[in-house]
Amino acid sequence: MSTLEDLKINLKELKDVETRYEFSLDDSFFAAIDAPDVKKGTVAVDLIVRKTAEQYFELNFHIEGKVAVECNLCLDEMEQAIESNNSLVAKFGEEYSEDDDLVTVEESEGIIDVAWFVYEFIVLSIPIRHVHAPGNCNAEMMKVLNEHSATRSGDGQEAVDPRWSGLEKLKTIIKD
């Protein structure tokens, strides 16, 4: 289990050309980040930091695991598998800044906090549509959803709004 402090990498102290970090993130990570999209999960992060030049570093992330998200159909919590490969380039500079995939780290400090980047990579790896496997959605909610969908599609049930019944009469008059 990694803490947010573990996700702060001191680039100045890197001795080797390539350094590997492994982080195991759990619910405490998501609680500490306190962001709205993902609140729970178990995720493994494999980070390789390569020193590419005197002032430049390449950070390659491999993220794999499961997070809890809301099902788009029944709104119950569901487990979503995720996997992604992402990279950033960091360099030393006067002050901290982020510009696309280039992060400037204050040279006097030399520390890059990758916690928020990891969280963003996790969120971006979640599919847009996430639903339970067939038959696993909340049965009660699916019944209500099907009732409302059937009423809208006009499958012979009573119309949602009784004012539409006047239009139905016009349809039959025009057919005759």
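**Close-up views of aromatic pairs and cysteines**

**View 1. Phenylalanine 29 and phenylalanine 30, both of them buried.** In this predicted model, the rings of phenylalanine 29 and phenylalanine 30 form an edge-to-face aromatic pair, with 5.1 Å from centre to centre and 80 degrees between the planes. The pair belongs to a wider arrangement, in which ring pairs link Phe29, Phe30, Trp116 and Tyr119 into a cluster. Across the structure, six aromatic pairs are found.

**View 2. The aromatic pair of phenylalanine 57 and phenylalanine 92.** These two rings also meet edge-to-face, their centres being 5.4 Å apart and their planes at 75 degrees. Because phenylalanine 57 lies in strand β4 (residues 56–70) and phenylalanine 92 in strand β5 (residues 77–93), the pair ties together parts that are 35 residues apart in sequence. Phenylalanine 57 and phenylalanine 92 are each buried.

**View 3. Cysteine 71, cysteine 74 and cysteine 137, in a structure where a search finds zero disulfides.** For cysteine 71, the nearest cysteine sulfur is that of cysteine 137, at 3.7 Å, whereas a disulfide requires sulfur atoms within 2.5 Å; cysteine 71 is accordingly in no disulfide. For cysteine 74, the nearest cysteine sulfur is that of cysteine 71, which is 3.8 Å away, and cysteine 74 is likewise in no disulfide. Cysteine 71 has a relative accessible area of 1% and is therefore buried, and cysteine 74, with a relative accessible area of 1%, is buried as well.

Definitions and conventions
Residues numbered from 1 in each chain as written. Predicted model: local features only at pLDDT ≥ 70, side-chain atom pairs only at ≥ 80, totals over all residues. Heavy atoms only, no water. Buried < 20%, exposed > 50% of the residue type's maximum accessible area, 1.4 Å probe, protein only. Phe/Tyr/Trp six-rings, centres within 6.5 Å; stacked < 30°, edge-to-face > 60°. Helix = DSSP H or I, 4+ residues; strand = E, 2+ residues; numbered from the N terminus.
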